[in-house]
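Student: I am new to this structure. Please pick one pair of packed helices and look at it closely, then show me what surrounds it.

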Number of protein chains: 2
Amino acid sequence: MRTPHALIFAVGDELVDGRRLDANGRYVTHVLESLGCEIDGRLLTPDREDRIAAMLAAGLAGGPDVLIVSGGLGLAEDDRTRDAVARATGRPLVVDAAVREKIAGRYRDWGRELPAGVDRLAMIPEGGRAIPNPIAVACGFTVEHERTLLVALPGVPRQLKAMFERAVLPVLRDRLSGTWPVRTAAIRVVGLAESEVDGLVRDVVRRQPQARASLMTTAGEVEVRVGVRAEAEDEDEAEATLERLLAELSATLGPHAYGRDRDSLVSVVAGLLRDRRLTLGVAESCTGGLLARAITDLPGVSDVFAGGIVAYGNAQKRTLLDVSDELLETCGAVSAEVCLAMVRGAMRRLEVGAAIATTGIAGPGGGSADKPVGLVYVGTGTPDGERVTRHLLTGDREAIRRWAVKISLDRLRRELAGLPATGEPVEAGARG
Amino acid sequence: MRTPHALIFAVGDELVDGRRLDANGRYVTHVLESLGCEIDGRLLTPDREDRIAAMLAAGLAGGPDVLIVSGGLGLAEDDRTRDAVARATGRPLVVDAAVREKIAGRYRDWGRELPAGVDRLAMIPEGGRAIPNPIAVACGFTVEHERTLLVALPGVPRQLKAMFERAVLPVLRDRLSGTWPVRTAAIRVVGLAESEVDGLVRDVVRRQPQARASLMTTAGEVEVRVGVRAEAEDEDEAEATLERLLAELSATLGPHAYGRDRDSLVSVVAGLLRDRRLTLGVAESCTGGLLARAITDLPGVSDVFAGGIVAYGNAQKRTLLDVSDELLETCGAVSAEVCLAMVRGAMRRLEVGAAIATTGIAGPGGGSADKPVGLVYVGTGTPDGERVTRHLLTGDREAIRRWAVKISLDRLRRELAGLPATGEPVEAGARG
């Protein structure tokens with residue numbers, strides 16, 4: 001059975017210039033991949049009818065099985081997708097009477113006049129099928145063009161998703177049924193460079209001809225995404241091959257592989273804290289709230305997270321974390337000694353059994369030869385003791401802050417799980 | 001003079017499925033727009049030579065003045081951009097001797113063997129010009145294809161940017177010089193829905209035939225981006241028209257227009273704090289560090305930001321912010337009374353003259369009929385007094401938290417600037 005191919009278009013000036021993310025393309029890609037589709041490309045076009053039409057025509061010329069386009073179906077002057085599809089497929093636009101009646105009904109219900117030009121919202125290319133919008137008034141449509149099923153949906157993600165799931169997915173399942181199943185999963189890795197992960201992963205994956213791996217690095221984490229295609233219409237086979245491969249990869253990556261798929265360092269750390277019935281508090285200087293924010297991004301974390309203290313100034317390190325004037329003067333705010341005192345202050349003041357502290361120089365200013373931009377101390381405290389490590393991070397302010405958060409969560413994960421620590425251990429513990 | 005057109009390609013599976021953002025496309029788009037180019041589209045292709053070649057060929061067929069492609073120039077098996085360009089332009093790949101020598105020299109300096117297949121890194125389409133990589137070893141190149149200048153650069157943003165600025169920008173400036181200048185700017189708006197902003201903006205912009213406006217909403221803020229094209233080769237005219245338009249828009253949008261271009265709510269608030277010689281502290285419950293993080297994202301903010309307390313648990317609200325047991329029991333943690341107590345606790349404990357406090361229900365769990373998910377109280381304190389407002393926000397956990405941060409910063413901005421407050425005022429102030 002042949003692998004079906006898909007192209008995904010999104011229309012909007014703000015997508016082209018990067019001010020808005022194409023969340024729809026991402027969503028549609030994942031759904032189509034789960035149906036065994038290969039995505040041939042994603043195309044972002046500006047709000048100009050000639051450009052949309054030209055790019056659609058070029059895309060249709062390649063004969064994809066499915067072409068999805070989102071955005072540009074509203075009433076605004078620069079909503080040109082209907083007209084562009086009409087041009088690219090050579091079909092005039094016609095008003096779908098049922099959709100038009102539905103739209104008129106909505107306006108009657110609201111007690112409002114039908115706006116001028118509202119018929120546009122009910123227009124579809126001749127021979128196509130309208131897709132009603134359960135949330136707003138702009139309809140979508142499907143149209144068959146040679147061997148391609150072209151699907152047009154509104155750009156508002158909630159509307160697109162609702163319409164895709166109700167009206168498009170059943171059609172696609174029928175159309176693409178019988179294709180070889182693909183299974184994908186991700187392993188999440190921390191504490192190794194992408195090149196190191198790459199070396200380890202390639203060796204394992206290369207032995208599986210129907211497997212593929214791709215790596216992505218973000219702020220100190222590498223995601224290894226593995227895809228396995230079955231040799232025939234056998235979902236179980238694809239599943240079993242994937243599981244075998246994941247087990248092999250986890251063994252190869254060792255303690256650096258901290259989780260899978262939707263795991264995050266925070267969710268793994270929260271699980272370890274729950275297992276040991278500990279609550280966590282944080283004391284932040286250079287990360288300035290980013291660590292607390294990363295933790296509280298996780299819904300339901302309040303059973304293990306007590307709170308945090310962002311001690312940006314020295315006065316606050318003193319009054320809120322009991323860091324002594326003497327330490328601040330002799331060692332400086334960015335030092336192993338102060339970091340250790342912050343850990344202990346957080347444990348005492350927040351009344352917690354586990355703590356993380358960060359102090360460093362995120363830049364762009366504030367660095368010196370002795371304490372350069374990127375120098376970060378990370379301290380952890382658990383019932384087994386406190387430990388401070390020193391890290392020299394590279395990148396801009398944002399990258400240094402995000403990386404420091406990842407390192408500090410990984411440090412606590414390793415402490416709680418009894419795994420070897422990363423980073424350069426420093427002696428502050430002995431003196432603190 | 002004709003407007004030049006550009007197409008921007010990025011190669012990588014992780015771009016197609018949305019795991020990585022195409023930061024290069026965004027950067028290149030902005031630079032090209034500032035040179036007066038119209039961007040005809042952005043295309044994300046997977047790491048497959050046939051797909052890259054097909055999409056490049058389709059793009060070249062439209063005859064753009066410039067086509068930029070990033071990524072896929074390394075040594076990995078799935079780095080296929082060189083070969084795809086060779087196929088799409090019908091030019092064989094040849095080794096650039098100078099680049100090859102440079103790469104060999106680098107490996108000699110490192111004391112390492114030349115890896116197998118390293119010649120690939122020095123290959124360019126016949127007749128093209130190599131662009132040396134000042135940071136790593138993979139070179140880029142330009143090649144003339146009919147009326148198009150095709151530019152290929154590595155996908156690592158730092159390398160791309162360095163090579164683009166050194167080697168590509170001068171070539172493009174020469175090539176595109178004399179085109180009609182375009183000037184763009186953005187006005188940042190808070191406290192109005194996108195549809196309200198749209199109504200106000202369209203009326204102003206429609207009167208200018210050579211002007212265009214586009215809106216983007218993110219977490220409670222609307223960015224109004226305005227572009228003005230001169231009628232001829234007259235930079236001053238474009239500049240003057242733009243300034244006139246911006247002044248008109250600012251007047252129309254009133255106190256909701258808080259800044260321009262690179263301003264952020266934080267930078268504006270920091271400026272107001274500096275003017276009044278105040279320092280700021282924050283007390284966060286539902287925003288859990290996100291507010292402190294937003295503030296400390298701004299480099300050099302430490303002169304006006306003292307720190308924050310993330311009091312996620314009730315115990316921490318008591319011990320770190322002096323919120324009384326009685327208030328927590330009678331009113332609950334999510335209440336105007338507790339919010340006001342948090343403001344006062346933050347001012348006292350952080351020893352600051354200005355404070356913000358947030359308490360609410362970010363969800364997805366924890367809501368009730370009385371206190372639904374999305375209910376957020378925002379408190380501000382300045383030398384002029386304290387004030388609490390009540391807000392009912394919609395969206396998921398992330399959206400509610402981000403919106404609460406925007407609202408709270410805007411609330412303080414208005415207090416400091418003597419502008420009318422937003423949100424529903426609550427009576428806690430009288431009782432607190």
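Tutor: Start with a term. A helix axis is a line fitted to C-alpha atoms over the stretch in contact, and angles run from 0 to 180 degrees between N-to-C directions. Keep in mind that this is a predicted model.

Now the pair. Helix 3 of chain B covers residues 49-61, and helix 4 of chain B covers residues 81-89. Their axes come within 8 Å and cross at roughly 45°. Angles under 35 degrees count as roughly parallel, and 65 to 115 as roughly perpendicular. Helix 3 of chain B is therefore oblique to helix 4 of chain B. The crossing of these two helices is right-handed. Look at who meets whom. Helix 3 of chain B brings B:Glu49, B:Ile52, B:Ala53, B:Leu56, B:Ala57 and B:Leu60. From helix 4 of chain B come B:Thr81, B:Asp83, B:Ala84, B:Val85, B:Arg87 and B:Ala88.

Next, cross to the other copy. Chain A lies on chain B with an RMSD of 0.3 Å after a turn of 180° and a shift of 0.3 Å along the axis. The copies are thus related as by a two-fold rotation axis. Of the interface residues of chain A, 100% are also interface residues in chain B, so the copies meet through the same surface.

In chain A, helix 4 (residues 81-89) lies across strand 1 (5-11), strand 3, strand 7 (140-145) and strand 8. Helix 4 of chain A runs at about 165° to strand 8 of chain A. Strand 3 (residues 66-70) of chain A pairs with strand 8 (residues 148-153) of chain A in the parallel sense, over 5 bridges. Within that pairing, A:Ile68 stands opposite A:Val151.

These strands belong to an open sheet of 12 strands with mixed pairing, in the order 6(A)-7(A)-8(A)-3(A)-1(A)-2(A)-2(B)-1(B)-3(B)-8(B)-7(B)-6(B). Strand 6 (129-131) of chain A and strand 6 (129-131) of chain B are the edge strands, each pairing on one side only. Neighbouring strands of this sheet are turned by 20° against each other on average, direction ignored.

Now a second helix pair, back in chain A. Helix 9 (residues 265-275) and helix 14 of chain A have axes that come within 10 Å and cross at roughly 30°. They are therefore roughly parallel to each other. Helix 9 of chain A passes helix 14 of chain A in a left-handed crossing. Among the contact residues are A:Leu265, A:Val269 and A:Leu272 of helix 9, with A:Leu409, A:Arg413 and A:Leu416 of helix 14.

There is another open sheet of 12 strands to place. Its order is 18(A)-17(A)-16(A)-15(A)-13(A)-14(A)-14(B)-13(B)-15(B)-16(B)-17(B)-18(B), with mixed pairing. Strand 18 (424-425) of chain A and strand 18 (424-425) of chain B stand at its edges, each with a single partner strand, so one side of each is left without a neighbour in the sheet. Helix 14 (residues 397-417) of chain A packs on this sheet, touching strand 15 (354-360), strand 16 (375-382) and strand 17 (385-392) of chain A. The direction of helix 14 makes about 30° with that of strand 16 of chain A.

Last, the divisions of the chain. Chain A is divided into domain 1 (5-176), domain 2 (182-260) and domain 3 (265-431). The centres of domain 1 and domain 2 of chain A, taken over C-alpha atoms, are separated by 35 Å.

Notes. Residues numbered from 1 in each chain as written. Chains lettered and ligands numbered in written order. Predicted model: local features only at pLDDT ≥ 70, side-chain atom pairs only at ≥ 80, totals over all residues. Pairing = 2+ DSSP bridges. Helix = DSSP H or I, 4+ residues; strand = E, 2+ residues; numbered from the N terminus. Contact = placed C-beta atoms within 7 Å. Domains from an automatic or database assignment. Least-squares fit on C-alpha atoms with pLDDT ≥ 70 in both. Parallel < 35°, antiparallel > 145°, perpendicular 65-115°, else oblique. Left-handed = near helix turned anticlockwise from the far one by under 90°.
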